[in-house]
Amino acid sequence: MNTNKKNAKTASNINTHISFPMSFTRNSLLASLGAVALSLAACTGAPPKKAAPPTPPVKAVPAVPERIPPALAPQFLPVSFSALPGWDRDDMVAAWPAFLSSCRVLGKRPDWKEACAIALQVKGDDDSAIRLFFETFFVPNRVLAADGADSGLVTGYYEPLLHGARKRGGPYQTPLYRVPDDLVTVDLASVYPELKGMRLRGRLVGKKVLPYSTRAEIEAATGAAGKELMWVDDAVEAFFLQVQGSGRVQLTDSPETVRIAYADQNGYPYKSIGRYLVDKGELSLDQASAQGIKAWIAGHPSRQQELFNANPSYVFFKEERLPDPKVGPKGALGVALTPQRSVAVDVKFVPLGVPLFLSTTQANSDIPMQRLVMAQDTGGAIRGPIRVDYFFGFGAEASENAGRMKQSGKVWILLPKQTPAPGAAGV
């Protein structure tokens, strides 16, 4: 991922940090931050800008992206930070590294450039300074669905650990595949600009692009034979690796643990095997967690493949080095995910990279979980304006929490002042 080198270098040369005394009034705080903004602009050679006045109250702005019919478009209602439940109690220091990661991408955009440049000067271990930075430069927007609903589904995902080998043998009989040579991906925006971000996947036969192999065909060893990346010892965990999108494999035929990252997909939409079991009357909704599904498979081994084939979507992987086990995998934004602070969203409604304030409850609990997170990933099952997949991280605890996370939640999107809501020009 490219950074905004010019701004990063200028900011590092200033070598100062912003730390705001709590005795500051809002006007004096705005003046101080405005002065820093002016100094940054001067250092980069840009003409000085006058400090922008506080943003006046505005009406709700409907978000109408080109691909979303107006009847389905959500609304983004500007509110004050005091309307965010738990905002004043969240650990801003824990959220700050994830925000700076987002700024590596967002900072190249005109409407984010100033805020991201000034963020480099905020003292990263000062909770009050970080909170006042957001309160000064951003406006929270309450996300409402087209029908007026303000709550949606919050699930969880994690980075699993599998055990495998580079060569097939012994217990290692389940392949993880590379992208097949005959998988064709067509960027539809190259032909239809209004379909930006949408791709068509298939197989080229003569002059036609036909649907690619389904999961059933691929797992029957007819769709990707010869493209095995490595072999693992558990078909169930291999399936859930595809649901998570990335993971780690501890190799037994070499002394290393590698990251297996998402590379591509066969073009079929994701279908929930939990929903399949519920529709068949095999599980109740409350039982259809990752743990409940695995328990069902253990009791019905002869129906395992039937269950897997209910999801025709198939994910192909690539191998990546794992230089720092503490760093998460890269999400769709192109930056490493931060455990407990990165989420996956539906980019038709929520732009990648933006800060969100999430108000939900902990997995399988009514204990509040209210925190600042960053929209840094996407997912095949993440559909809708108030639909969030929360990244729990790596390890057994992350796996347990992610598998049981199926809570109701509310979302506020934080946008730089004077920035139009998603769907308007410039976002």
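Which backbone oxygen lies 3.0 Å from a polar atom of the side chain of Asn266? In this predicted model, that oxygen belongs to Pro312. The same side chain has another backbone partner, reaching the nitrogen of Tyr314 at 2.8 Å. Asn266 itself sits in the loop between strand S12 (257-265) and helix H8. Its relative accessibility is 0%, so Asn266 counts as buried, the limit being under 20%. The surroundings of Asn266 can be listed once residues up to four places away in sequence are set aside: Arg201, Tyr212, Ser213, Thr214, Arg215, Ile218, Pro312, Ser313, Tyr314 and Phe316. Pro312 and Tyr314 thus appear among the residues that Asn266 touches, and each also offers a backbone atom to its side chain, Pro312 through oxygen and Tyr314 through nitrogen.

The nonpolar interior may be considered next. In soluble globular proteins, nonpolar side chains tend to be buried together. The largest nonpolar core here comprises 53 residues. Trp87, Phe99, Phe133, Phe134, Phe138, Leu356 and Leu372 have the most contacts inside it. Helix H3, spanning residues 92-106, gives the most to this core, contributing 7 residues. The environment of Phe134 serves as an illustration: leaving out residues up to four places away in sequence, Phe134 touches Phe81, Trp87, Met92, Trp96, Phe99, Pro355, Leu372 and Leu414. A second core, separate from this one, has 13 residues, including Leu162, Met230, Leu251 and Val258.

Charged side chains form another layer of the description, with 19 salt bridges in the structure. One of them joins Arg131 and Asp127, with an N to O distance of 2.2 Å. Both residues belong to helix H5 (residues 127-137), where they are 4 residues apart, or about one turn of the helix. The two partners fall into separate accessibility classes. Arg131 has a relative accessible area of 11% and is therefore buried, since the limit is under 20%. Asp127, at 24%, is partly exposed.

Other salt bridges connect separate elements. Arg203 and Asp182 meet through their side chains at 2.3 Å, N to O. This pair links distant parts of the chain, 21 residues apart: Arg203 is in strand S8 (residues 199-205), and Asp182 is in the loop between strand S6 (174-177) and strand S7 (183-187). Arg203 is partly exposed, with a relative accessible area of 22%, and Asp182 is likewise partly exposed, at 30% relative accessibility.

Glu282 and Arg303 form a further salt bridge, in which the closest N and O atoms are 2.9 Å apart. Glu282 lies in the loop between helix H8 (273-279) and helix H9 (290-299), whereas Arg303 lies in the loop between H9 and helix H10 (304-309), so the pair ties together parts that are 21 residues apart in sequence. Glu282 has a relative accessible area of 29% and is partly exposed; Arg303 is also partly exposed, at 21%. Elsewhere, Arg142, Asp150 and Lys410 are joined into one network by salt bridges that share partners.

Strand S8, which carries Arg203, also takes part in a sheet. The sheet is open and consists of 3 strands in the order S7-S8-S9, with antiparallel pairing. S7 and strand S9 (208-210) stand at the edges; each has a single partner strand, so one side of each is left without a neighbour in the sheet. From one strand to the next, the twist averages 55°. The antiparallel pairing of S8 and S9 extends over 3 bridges, and Arg203 stands opposite Leu210 in S9. Arg203 therefore combines a side-chain salt bridge to Asp182 with a place in S8, at 22% relative accessible area.

Two loop residues deserve attention for their backbone torsions. Gln340 is not a glycine, yet its phi is positive, at about 75°. Gln340 is found in the loop between strand S13 (315-320) and strand S14 (342-344), and it is partly exposed, with a relative accessible area of 30%. Asn364, also a residue other than glycine, has a positive phi near 55°. Its place is in the loop between strand S15 (355-361) and strand S16 (368-377). Asn364 has a relative accessible area of 59% and is therefore exposed, the cut-off being over 50%.

Methods. Residues are numbered from 1 along each chain as its sequence is written. This is a predicted model: local features need pLDDT of at least 70, side-chain atom pairs count only at pLDDT 80 or more; totals for chains, interfaces and linings use all residues. Side-chain values use heavy atoms; hydrogens and water are left out. A salt bridge is a side-chain nitrogen of Lys or Arg within 4 Å of a carboxyl oxygen of Asp or Glu. Buried means under 20% relative accessible area, exposed over 50%, partly exposed in between (1.4 Å probe, protein chains only). A nonpolar core is a set of buried Ala, Val, Leu, Ile, Met, Phe, Trp, Tyr and Cys residues joined through side-chain atoms within 4.5 Å. Contact means heavy atoms within 4.5 Å. Two strands pair if DSSP finds at least two bridges between them. Axes are lines fitted to C-alpha atoms, for helices over the stretch in contact, and angles run from 0 to 180 degrees between N-to-C directions. A polar contact is a pair of N or O atoms within 3.5 Å; within protein, one must be able to donate a hydrogen and the other to accept it, and residues adjacent in sequence count only if both atoms are side-chain atoms.
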